[in-house]
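Please open the model in your viewer and get your selection panel ready. We will make a few stops, and at each one you can select along.

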Amino acid sequence: MAAHKPITPATYSIVYVALLLLTTLTVFISEYVDTGAYEIAVALTIASIKTLLVALIFMHLYYSGPLVWLSGGAGVLFLAIMMSLFLLDYNTRDWTPGRNEQPIVTSKDQGYLPRRDH
Amino acid sequence: MFLATEILFFGGLFTAYAVMRTLNPEAFSLASYKLNAVLGGLNTAILLTSSFTMALAVWAAQTKNQSLLRLFLGLTLFFGCFFLVIKAYEWHHEYEVGLLPGKNFGYAAHGHDHAHADDKHMSDHAHDHNQASSPGAVAARQITVTDRDGKTPLTPDKLKGLQMAFLFYFMITGLHATHMVVGISVMGIHWVWTFFYPRFGVDDYTPIEVSGLYWHFVDVVWIFVFPILYLLRH
Amino acid sequence: MSMTLEPKAVRPITAASDRPDYLNADYSILSWLLTLDHKRIAILYLISISVFFFVGGFFAALIRLELATPGGDLVPGDTYNKLFTMHGIVMLFFFLIPSIPATLGNFLVPMMIGAKDLAFPRLNLLSWYVYIAAGVLAVIAMFNGGVDTGWTFYTPLSTRASHTQVFLTALAAFVAGFSSILTGLNFMVTIHRMRAPGLTWFRLPLFIWAMYATSLVIMLGTPVIAITLAMVAVERAWGVGIFDPSLGGDPVLFQHLFWFYSHPAVYIMILPGMGVISELISTFCRKVIFGYKFIAFSSIAIAVLGFAVWGHHMFVSTQSMMTSVFFSIVTMLVAVPSGIKVFNWTATMWQSSVSWQTPMLYALGFIGLFTIGGVTGLHLGTLGTNIALTQTYFVVAHFHYVMVGGAIMAYLGGLHFWWPKMTGRMYPEFWGKLSALIVFIGFNLTFFPQFLLGQQGMLRRYWEYVPEFQVLNVMSTAGASILGVGYILPLFYLLWSLRYGKPAGPNPWGATGLEWTTQSPPISENFEKTPVVTTEPYRYSREEAHPVH
């Protein structure tokens, strides 16, 4: 493991307190604040901040070499690929080509020419 | 690098959860509502504390202070176990009110509608022998799990979605708990070794650091699990 | 010791009689079963995967025998289902995925980078035991009725309707995945941390780049199949419905999860083969590989892009149109790096001095057959044609071309190429060439008719078919028997060579690469002194004479 100056208990303590505060915040928001459709976004954002704190400080990521960043990053990146494509599928199931277009109709008085703007 | 594989391992489960949630949004919200956010939040705080003490344990190993290392490892173990105890209590409660997926989902554990293995056998017998007797006797069980208002029992349709949500709840927290047990065992062994090998952990702090990374990862997973499972309740 | 190219002048670092080599170091069974030497572990894997290869081949033989006639006369339909399922599972999980990485990779990775062993030798041994455990589970499942769901385990057949050993086989695959992950982890750390002084990334042999890319795919993909199989097991054991629509689940979700791993899995199977081919082509053409950096980066590109194409197995699965379009486009893109490699290998051969020995024959076979397989993949990746060709024999032919015509030929080529290094003996060249030829002919006779069959509409996984298809099927079965001979021959002459083969010196091929600077077989520590690398790889001069053994 990369050798670096040990992080002091003081730093750890500050981060710890921050984590507790963020936890309280996220519970508070979920109980008392109406975030409507952004509920997931808010919750995940706070969770991500907490994760960054744990990863950077508790797991020493801040002081680690590029290889470690790469490993973690790769994991997250591929997870993102997996999730986004899965959700892409499920959220676009009802998309068919031409769904937003008006149907083509013809009529005798239009000379049987196909028109959409009727 | 190993942790990257763990990200994908849990990630697969989370992705499946995301898909299921997309398909059953109200059921999953209801499931969140039924979970106890206070207990979940307390557990989060406990796990964060254990991460804190773990980080301090690594610091103690780095600064070659074995007695402090022993102290902080011990505290981490204590908080880890505390987490598991609360989790077990939650699970027991969920079983009691009928939220454990399976054939008894929706029925409280000690009501007269709770099916046991031998009940089915008996009711089969009854059915065989008493063709003419009231079929209603073994039919309609009273669903005891209620909707948000706390009063109306859920319809079987809604129950289906809810069962899916709780299936994922148990799978995700179960997988997480299994990882915690592994972590506790390994750290427990390390902790015992600090008593028998006076220089363990301070000569080479790598084992402590590696366990620490694993433990923090398990904590990170919970940091995501908690809001997703417990807090998205509207 | 710098990498100069003077094959005749290369002296082994230690004289052959000075120290026992890794094979002679200790003869006891325990010394093999508890070894930490990556070379011995490679040999353990070699033996195990060869056993599984012939088990899978046995199932293949039964399949082709059944398909020689239109009616379902050899075995009942249910048994046929089990045959093709077990053929797939054994060949993929227990032969192809470990083949090059666990045998050639384990043996060569430390040697090619000048290290004494892998980063985690005990994890290496553990990975073999885990593999064996998985194999035992699979064999138990086989003897208890096998599985009939197809190696793809599609739900709800695998979770609800099948009465066969789904749970046990899924567990076996789950455990095999862990073996794979351990190997991949070991390789990545080794390549990052244990290169010899002077061995910068761009001085690495292309085989190492290929192993690195493969390890990347293993690490990121395998956990997903693990959790997917776990979910199938949970669903089967507890009757819950993650993948069952009647209980609120979605069977397509299974397909997404399954293919998210299984498509990158095929890259796990082919990337090492491509690495071997790079080594073979440059050695047997006595020429520096054309476009080294392109080949190196294309391995990484295939690894990364390969994670974004899994939906091309699901075009007819009711996934959304948008998703299908996306996957089709990226599938076209992922063909590009493979094409780059083929062009570069061909360019290497241009105006070079080719020596036509067995490994080179396999390499050439690879280039041709892999290209055909790859191009037919484009047929399948195009949305329109996929609808017509899906689940037909066209698909079967396509993947056999890339995996058998591709990966297995690369494996055999590599095995022959490094055989003298691993065993200290040369295999008989005549028999080697003959087998390569027989394999090539047998293979094409087996699988080319299947393209035609698929295009004419014969569906896969059926044990009977309309009589119009019989002629091509008989050709295919005939080809399969020839192919079988081609695979059994090496078993015999390679084993024969262990005792009677001509002793090989340190570098019978006159190749470059750190592994060729040691004696054959190498001493347990590989190198007496850590080598220092000062030159680029593949330094062949144009005036090189034909190497003498």
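Select chain A and chain B together and look across their interface: by the rule used here, there are zero salt bridges between them. Keep in mind as you go that this is a predicted model. Polar contacts do occur between chain A and chain B, though the count is just two residue pairs, both at pLDDT 80 or more.

Next, colour the helices of chain A. On the side that touches chain B, at least two residues each come from α1 (9–32), α2 (39–58) and α3 (66–91) of chain A. Highlight α3(A) in particular, since this helix gives the most to that side, with 13 residues. Colour the side of chain A that touches chain B by residue class, and you get 27 nonpolar, 13 polar and three charged residues.

Now show both partners in full. Here 43 residues of chain A meet 44 residues of chain B in contact. About 3700 Å² is buried between the two chains, and carbon and sulfur atoms give 77% of that area.

For the last stop, turn to the cavities. How many cavities of 30 Å³ or more are there? The count comes to six, and the largest has a volume of about 150 Å³. To find the largest cavity, select C:Ile97, C:Pro98, C:Ala176, C:Ser179 and C:Ser180, which lie nearest its centre among the 17 lining residues. Then add α3 (77–112), α6 (166–193) and α7 (206–238) of chain C, the elements that give two or more residues to this lining. The largest share, six residues, comes from α6(C). Coloured by class, the lining shows twelve nonpolar and five polar residues, with no charged ones.

Conventions: Residues numbered from 1 in each chain as written. Chains lettered and ligands numbered in written order. Predicted model: local features only at pLDDT ≥ 70, side-chain atom pairs only at ≥ 80, totals over all residues. Heavy atoms only, no water. Contact = heavy atoms within 4.5 Å. Buried area = accessible area lost by both parts, 1.4 Å probe. Salt bridge = Lys/Arg side-chain N within 4 Å of Asp/Glu carboxyl O. Polar contact = N/O pair within 3.5 Å; in protein donor to acceptor, adjacent residues only side chain to side chain. Helix = DSSP H or I, 4+ residues; strand = E, 2+ residues; numbered from the N terminus. Nonpolar A, V, L, I, M, F, W, Y, C, P; charged D, E, K, R; others polar. 1 Å grid on protein atoms, 1.4 Å probe; cavity = no way out; pocket = protein on both sides within 12 Å on 5 of 7 lines; lining within 4 Å. Points joined across faces, edges and corners; volume = space filled by probe spheres on them.
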